[in-house]
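Q: Let's go through this one together. Start wherever you like.

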Amino acid sequence: MFKRLNHVAIAVNDLNKAIKKYKNIFGIRINDPIEQPLHGVKVAFIELPNTKIELLEPLGNESPLINFLKKNPNGGIHHLCYEVKNIIKCRDRILKNGGKIVGSFEPKVGAHGKLVIFLHPKEFDGTLIELEEI
Ligand code: CO
């Protein structure tokens with residue numbers, strides 16, 4: 001069902017600070033931050049040859065990242081994103097087999113303009129999983 005690992009997302013308290021740190025310490029290029037009000041995040045991507053790293057800062061008072069950062073005050077790995085071919089087929093299979101979807105069962109447009117859903121971390125050993133249709 002899973003294709004490639006699309007990205008690993010890291011929650012940060014201060015996106016600009018995190019970007020500076022990655023640039024200064026590792027000397028790597030990072031795309032400019034993008035605000036995603038629909039998901040309550042501000043995001044910047046580090047593009048690597050085999051995957052991406054997504055740096056996430058909360059956006060707005062309803063951001064799902066606020067609770068995460070309360071539990072993890074220094075920030076931390078927030079989710080893994082796997083690519084899938086047909087998100088509706090995958091969702092139906094997951095629901096049929098007892099998996100749980102976070103929020104709406106209908107896929108939303110994610111950070112790359114593609115459809116995404118999130119699977120509940122309680123079902124997957126504490127790991128929040130994002131599926132992105134490619
Ligand atoms: Co993501």
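A: I'll start with the second largest pocket: its lining has 6 nonpolar, 3 polar and 3 charged residues. Nonpolar covers Ala, Val, Leu, Ile, Met, Phe, Trp, Tyr, Cys and Pro, charged is Asp, Glu, Lys and Arg, and the others, Gly among them, are polar. This is a predicted model: local features need pLDDT of at least 70, side-chain atom pairs need 80 or more, and totals for chains, interfaces and linings use all residues. Numbering starts from 1 along each chain as its sequence is written, and side-chain values use heavy atoms, without hydrogens or water.

Q: Which residues line the second largest pocket?
A: Ile10, Ala11, Val12, Asn13 and Asp14 are among them. The rest of the list is Lys17, Ala18, Lys21, Tyr22, Leu55, Asn74 and Gly75. A pocket here is an open set of points on a 1 Å grid over the protein atoms alone, where a 1.4 Å probe fits, with protein on both sides within 12 Å along at least five of seven lines; lining residues have an atom within 4 Å of a point.

Q: Which element gives the largest share of that lining?
A: α1, with 4 residues. Both β1 and α1 (15-26) supply at least two. Elements are DSSP runs numbered from the N terminus: helices (H or I) of at least four residues, strands (E) of at least two.

Q: What is the volume of the second largest pocket?
A: About 180 Å³. That is the space filled by probe spheres set on the grid points, which are joined across faces, edges and corners.

Q: And how much space lies in the largest pocket?
A: About 880 Å³. It is lined by 37 residues, and Pro64, His78, Val102, Phe118 and Leu128 are the closest to its centre.

Q: Which elements give two or more residues to the lining of the largest pocket?
A: β4 (52-58), α2 (65-71), β5, β7 (115-119) and β8. By class, the lining residues divide into 17 nonpolar, 14 polar and 6 charged.

Q: Switching to the metal. Which residues are the protein donors of the cobalt ion?
A: His7 and His79 through NE2, Glu54 and Glu130 through OE. They lie 2.1 to 2.5 Å from the cobalt ion. Donors are N, O and S atoms within 2.8 Å of the metal (3.2 Å for Na, K and Ca); water is not among the atoms, so a site may look incomplete.

Q: Why is the arrangement around the cobalt ion irregular?
A: The 4 donor atoms subtend angles of 82 to 170°, so the arrangement counts as irregular. Four donors are tetrahedral if all angles lie between 85 and 135 degrees; four are square planar, and six octahedral, if opposite donors are over 155 degrees apart and all others between 65 and 115; anything else is irregular.

Q: How are the donor residues spaced in sequence?
A: H-x46-E-x24-H-x50-E. His7 in strand β1 and Glu130 in strand β8 (residues 128-133) are 123 residues apart, so this pair links distant parts of the chain.

Q: Is His7 buried or exposed?
A: Buried, at 0% relative accessible area. Glu130 is buried too, at 5%. The cut-offs: buried is under 20%, exposed over 50%, partly exposed in between (1.4 Å probe, protein chains only). The C-alpha atoms of Glu130 and Val102 are 9.7 Å apart, with their positions 28 residues apart along the chain.

Q: New topic. How many aromatic pairs are there?
A: The count is 2. In one pair, the rings of Phe2 and Tyr82 have centres 4.1 Å apart and planes at 10°, so they are stacked. Phe2 sits in the segment before β1 (5-11) and Tyr82 in strand β5 (residues 76-84), 80 residues apart. The rule takes Phe, Tyr and Trp (six-membered ring) with centres within 6.5 Å; planes under 30 degrees apart are stacked, over 60 edge-to-face, the rest tilted.

Q: How accessible is Phe2?
A: Partly exposed, at 39% relative accessible area.

Q: What about the phi of Asp125?
A: It is near 55°, a positive value in a residue other than glycine. Most residues other than glycine have a negative phi. Asp125 lies in the loop between β7 and β8, and is exposed at 77%.

Q: Where does Val41 lie?
A: In strand β3 (residues 41-47). Val41 is buried, at 7%. Its C-alpha is 8.2 Å from that of Pro64, 23 residues away in sequence.

Q: Last one: where is Lys108?
A: In strand β6 (residues 108-109). Lys108 is partly exposed, at 37%. Its C-alpha lies 9.6 Å from that of Glu132, 24 residues away along the chain.
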